[in-house]
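I'm opening a fresh page for a structure I haven't looked at before. My plan is to go through salt bridges, sheets and helix packing, in that order.

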Amino acid sequence: MPRIHVHLLSDSTGETLEMIAKAALAQFENADVVRHFWPMVRSQAHLDRIAPELAASPGLVLYTLVNAQTRKALEEKCRQMSLPAVDALDSVTVALEAQLGQEAHGRPGRQHRMDEAYFDRVEAIQFTIAHDDGVGHENWEQADILLAGVSRSSKTPTSIYLANRGFKVANIPLVVESPPPPALYGLKHPTVVGLTTAPERLVQIRRNRLLTLNEREETAYIDNERVKKEVQFARRLFSDNNWPVIDVTRRSIEETAAAIIRIHNERTKRVKPDEKPI
């Protein structure tokens with residue numbers, strides 16, 4: 001497959017554009033793509049500095065530029081260099097304008113403004129970091145979501161991803177020899193979700209983890225039979241407490257988080273405003 005260049009131009013942090021590009025490129029196997037990232041492009045002068053780079057590495061130009069003048073200037077440069085240019089949000093914005101009956105505000109970085117939602121997300125991240133790996137169980141009732149699972153079942157990365165979506169998340173590792181604190185079984189507010197995975201895959205992940213720590217000794221931590229018993233212990237716990245379970249064996253962090261959010265939202269909808277979740 002030939003190598004292609006993809007230029008990502010944004011008038012803000014570029015986070016949205018990067019996610020769009022990543023999602024689109026994931027549909028193509030073995031794509032040899034060189035990405036060029038240009039954030040905070042808000043002036044003609046900045047475009048002029050980027051133009052030689054576009055000419056030197058011609059390819060697809062993806063952009064999210066809300067300022068009409070900057071956008072028109074980029075489109076003209078791309079036309080002169082015969083480069084395809086695509087506004088990543090244009091179709092969605094036009095459709096929303098038609099549905100809402102109003103024009104979109106042309107303010108760069110509007111989705112990243114420091115509003116109440118921004119500070120809620122910061123608070124969620126702080127809470128999640130402070131309640132990782134079973135820490136702070138006395139505050140679990142304040143969490144939106146609690147993840148439970150054996151060691152290396154992707155609890156921490158999933159928690160951090162959810163926190164970036166604005167959810168306060170706590171997580172606890174399930175260990176056969178060390179029962180969870182009683183607080184876990186009396187929670188009212190958080191949605192408790194169990195994470196499980198195939199024992200064979202878990203052994204592989206744990207073994208790789210030990211290698212990164214220069215630990216080569218065979219221990220119960222990576223013993224096949226031992227790991228199977230751990231997974232069975234966790235599954236029984238989930239079943240006994242009627243907690244929803246997600247198998248993360250073949251899921252990415254994003255896919256796991258999406259499933260958790262769906263479970264949480266469905267549970268929240270079932271609860272009346274004047275009663276606590278159960």
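**Salt bridges.** I started with Glu 254 and Lys 22, whose side chains meet in a salt bridge at 3.9 Å, N to O. My cut-off was a side-chain nitrogen of Lys or Arg within 4 Å of a carboxyl oxygen of Asp or Glu. This pair links distant parts of the chain: Glu 254 sits in helix α9 (residues 253–270) and Lys 22 in helix α1 (residues 15–25), 232 residues apart. Searching the whole structure, I got 9 salt bridges.

**Ground rules.** This is a predicted model, so I note that local features need pLDDT of at least 70 and side-chain atom pairs count only at pLDDT 80 or more, while totals for chains, interfaces and linings use all residues. Residues are numbered from 1 along each chain as its sequence is written, and side-chain values use heavy atoms, with hydrogens and water left out. Helices (H or I, at least four residues) and strands (E, at least two) are DSSP runs, numbered from the N terminus.

**One sheet.** In what order do the strands of this open sheet run? I read β2-β1-β3-β4, 4 strands with parallel pairing; two strands pair if DSSP finds at least two bridges between them. β2 (33–38) and β4 (85–87) are the edge strands, each pairing on one side only. From one strand to the next, the twist averages 20°. I then checked β1 (residues 4–10) against β3 (residues 60–64) and found 5 bridges in the parallel sense. Val 6 has Leu 60 in β3 as its bridge partner.

Helix α2 packs on this sheet, touching β1, β2 and β3, and its direction makes about 170° with that of β1. Contact here means heavy atoms within 4.5 Å. Angles run from 0 to 180 degrees between N-to-C directions, and axes are lines fitted to C-alpha atoms, for helices over the stretch in contact. Helix α3 lies across β1, β3 and β4, at about 175° to β3.

**α2 against α3.** I also looked at how these two helices meet. α2 (residues 44–56) and α3 (residues 68–80) pack at about 25°, with their axes 11 Å apart. That makes α2 roughly parallel to α3, the label for angles under 35 degrees (over 145 is roughly antiparallel, 65 to 115 roughly perpendicular, the rest oblique). Among the residues that meet are Leu 47 and Ala 51 in α2, and Ala 73 and Leu 74 in α3. By class, I have 5 nonpolar, 2 polar and 2 charged residues in this contact. Ala, Val, Leu, Ile, Met, Phe, Trp, Tyr, Cys and Pro count as nonpolar, Asp, Glu, Lys and Arg as charged, and the others, Gly among them, as polar.

**Another sheet.** Next I found an open sheet of 4 strands, ordered β6-β5-β7-β8, with parallel pairing. β6 (169–173) and β8 (245–247) stand at the edges with a single partner strand each, so one side of each has no neighbour in the sheet. The twist averages 25° from one strand to the next. β5 (residues 145–149) joins β6 through 5 bridges, and Gly 149 stands opposite Pro 173 in β6.

Which helices lie across these strands? Helix α6 (residues 155–164) lies across β5, β6 and β7 (191–196), at about 175° to β6. Helix α8 (residues 224–240) lies across β5, β7 and β8, at about 155° to β7.

**α7 against α8.** My last lookup was helix α7 (residues 199–212), which packs with α8 at about 115°, axes 9 Å apart. Their contact has 5 nonpolar, 1 polar and 4 charged residues. Glu 200 and Arg 206 in α7 are among the residues involved, as are Lys 228 and Glu 230 in α8.
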